[in-house]
Amino acid sequence: MGVISFAEDAASPDLVQRVGHMFSTEGIFSKARNFEFRPQQQQMAMAVAESLAGRKHLIVEAGTGVGKSFAYLVPAILYAKAQQKKAVICTHTINLQEQLVEKDLPVLKKILGVDFSYAMLKGRGNYLCTRRLQKAMQQADALFTSPEIAELKRLYEWSRTTEDGSLSDLEVEPDPRVWEQVCSERGLCTPKKCGHASEFAKNGCTCFFQRARQRILGADVLVLNHTLFFTLLNGVETDPEGGVLFKNDFVIFDEAHTVEQVAARHIGVSVSSGQLRYSLQRLWNPRTEKGLLSVLRKGESVKAVSEVLSQGDAFFAKIEEACEALARAGASEGAGTGAGDSDEASRGGRGDAGRPWKELRIRRPDLVDDNLTLALHRLRDEVAGLIDTTEDKDTGEELMECNRRLTELRLAVQTFLKQEAEEFVYWVERGGRSQRNLSLNAAPVDVADHLRERLFGSGTSVILTSATLAMKSGESTPAPVPAEKGKTPGREPAPRRAAGGPLDYIARRVGGESAVQLQVGSPFDYEKQVRLFVAGKMPDPRDPGYESALIEQIERFVKSTHGKAFVLFTNTRLMQSVAARMEPFFDRLGIECFVQGTGTPRSTLLEKFKDDVDSVLFGTDSFWQGVDVPGEALSNVIITRLPFAVPDHPLIQARLERIEARGGNAFFEFSLPEAVLKFRQGVGRLIRTATDQGIVVVLDNRVLTKRYGQAFLDAIPKCPMEVV
């Protein structure tokens, strides 16, 4: 089939039927050697096609093994080409991005017979701007120390051989101070300055970001991550007409169960002591006596920067002192948030008296006196005067970018101190290796209103999909009838949104109540592939004997599969203690136990676990989701505790309080649904292919003894269960 015929098919009213036929037993995919007809995949693909053709929104849960990436890519490609639209595909993990760009899209380009283009969208800060690099080389002595100059020369040599010009093409990560001075930056790296029509380009030079930008603008399919999507959505670089990120686009979110949490982090403001220091030292670093002002040799301005640096250090020292006082007084009010039945969900926040804090909620304006924003404003005026008098145009533009950042920092500090937005929550966060980098944060308690307007109100299709979005694990909904030879497939009516449906929770959380909802089950036979074991009795976690009982059960089930196990924890300290006590056990069995948080990167831990088939991996939060270990290497998933979140983060505290304030039940409306979804993610690590087999072990008897326990059991696929 040629390009023209498919384009005509996609443009016609029966796109849904065409897509259905492609996924049928007589379609183009049926000619592949490893093709397996999956009615669930066919149904999802047709639902995506129908949503795109009707400019509707869709939330679809597709169980593991459905093949959802092809199910949304095929209709997206055909529709994008026929209607001259841009398909924006967003994923949460790098692994899935790489799968789409390096495997799925190249395969579809060969099979579909459609001449479409695709590209990976990265933030501009990932790309080298060779115009800025050349300027930095000229001013190196004034900008950098000798080790930094050596690093600059390394980047220059790399720039002469790299094809991509992005961070991912560098074997060794560059010095951030040097990279900051040579990467693409808004206002400094523009089509006019660095594009094909610029003097820079005419001289035979190449700007890697502008090259990437041309590919991005011309691509039919763009793949990017959720973080970059919401950064762009919040107005950093785009203001599209008739689209979401670009004019005439539509958006598909894979791994959509993470959309709310990522969106929350990128709506609002955040300013840290490190950001302030970094931005000021770009102008002048008193310790090294390097910076843009060294290029201009302006002594008075140097003094102004040094004064603001001192005032900034004093400001954040006062912030830390005020937070320590609040923590000592127990003033964060983290305890008793109405979380109900869960012991984890009812503990106090990290600001409780006598406990170290990482995030501390601030409930009143003017936490400290503002001695910083006026100083930033005066410095900005000082730098503006330099911009007007400097003869070097490029240096003047660098100073303008510095002033833009100073303005953003000043406004962020003001926003935090004033606390004028009633629907926002404010907190101070401590981070960095030494926990000395303080950040001031403000974010909306609920992102649904923002996304309802900015995302679902954009006038184009928005599709969310994941293997775990629903509160109940549904059997596969009625699938389209496979086509008989020579006929188009039959089709069930479009799915309708029923009140109180299993996808209503996620729809409300992201403002997608207007979306059509669809739940298609997994094609795997869980009743034959999985056996579930639940602990009938376990001590209370506060009981002195709890840890020993936990170890006894873990040993029992690790022996039964001779390793090959994920042991998932909700508490890092407990995990580390259990791991230490079980070392002799693993030594006796000759089994390697990999423990998260012991210095080895997460990706390396996972690769070692896959390579050593009989090993065991102890993991916390990040190993509950987004991890794919097909085959025998993972035959046993042990869940030590139901994954209720401790309400120690200010955003969670505020959400619980809001529910209680309107007379709702915070436990059943928020804590329980979030725990159930994470539980489903954990259980979902086990079966990744049709030939996988294994056991799931739940060492938390609340699934049997608490009234809410059945919600967890209902949320996973039906399989034989044994109480031990």
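Let's start with the empty spaces: this predicted model holds three cavities of 30 Å³ or more. Take the second largest cavity, which has a volume of about 60 Å³. What lines the second largest cavity? Its walls come from Y526, V530, V683, L686, I687, V696, I716, P717 and C719. If you wonder how such gaps are found, rolling a probe the size of a water molecule over the atoms shows where empty space is left.

Pockets are the next stop. The second largest pocket takes in about 550 Å³ of space. It is lined by 24 residues, and the closest to its centre are Y505, R508, R509, E669 and P673. Several helices help build that lining: helix 20 (448-454), helix 21 (504-510), helix 27 (650-661), helix 28 (666-683) and helix 30 (709-714) each supply at least two residues.

Now for the packed parts. In soluble globular proteins, nonpolar side chains tend to be buried together. Here, the largest nonpolar core has 70 residues, and the members touching the most others are L283, F315, I319, L367, L379 and V428. Which helix gives the most to this core? That is helix 17 (residues 299-328), with 12 residues. Zoom in on F315 and, leaving out residues up to four places away in sequence, you'll find it touching V368, D369, N371, L372, V413, L417 and L440. There is also a second, separate core of 46 residues, with L568, F594, L634 and A675 among its members.

While you're looking at helix 17, find A327, which belongs to that helix. Is A327 buried or exposed? With a relative accessible area of 4%, A327 is buried, because anything under 20% counts that way. Its C-alpha atom is separated by 7.8 Å from that of L360, although the two residues are 33 apart along the chain.

Another residue to pick out is E401, found in helix 19 (residues 393-418). E401 carries a charge-bearing letter you may not expect inside, so check the number: its relative accessible area is 4%, and it is buried. Who keeps E401 company, once neighbours within four places in sequence are set aside? The contacts are E185, R186, L188 and R282.Aromatic rings make up the next part of the tour. The count comes to 25 aromatic pairs. One of them joins F569 and F618 in a tilted arrangement, 5.3 Å centre to centre with 45 degrees between the planes. F569 lies in the loop between strand 13 (565-568) and helix 24 (572-581), while F618 is in strand 15 (residues 616-619), so this pair ties together parts that are 49 residues apart in sequence. Both partners are tucked away: F569 counts as buried at 1% relative accessibility, and F618 counts as buried at 0%. Elsewhere, F644, F667, F668, F679, Y708 and F712 form one aromatic cluster.

Rings also meet charges. The charged end of K86 sits over the ring of F246, at 5.6 Å from its centre. R602 does likewise with F623: its charged end sits over that ring, 5.0 Å from the centre.

How values were computed
Residues numbered from 1 in each chain as written. Predicted model: local features only at pLDDT ≥ 70, side-chain atom pairs only at ≥ 80, totals over all residues. Heavy atoms only, no water. Core = buried A, V, L, I, M, F, W, Y, C linked by side-chain atoms within 4.5 Å. Buried < 20%, exposed > 50% of the residue type's maximum accessible area, 1.4 Å probe, protein only. Helix = DSSP H or I, 4+ residues; strand = E, 2+ residues; numbered from the N terminus. Contact = heavy atoms within 4.5 Å. Phe/Tyr/Trp six-rings, centres within 6.5 Å; stacked < 30°, edge-to-face > 60°. Lys NZ or Arg CZ within 6 Å of the ring centre and 35° of its normal. 1 Å grid on protein atoms, 1.4 Å probe; cavity = no way out; pocket = protein on both sides within 12 Å on 5 of 7 lines; lining within 4 Å. Points joined across faces, edges and corners; volume = space filled by probe spheres on them.
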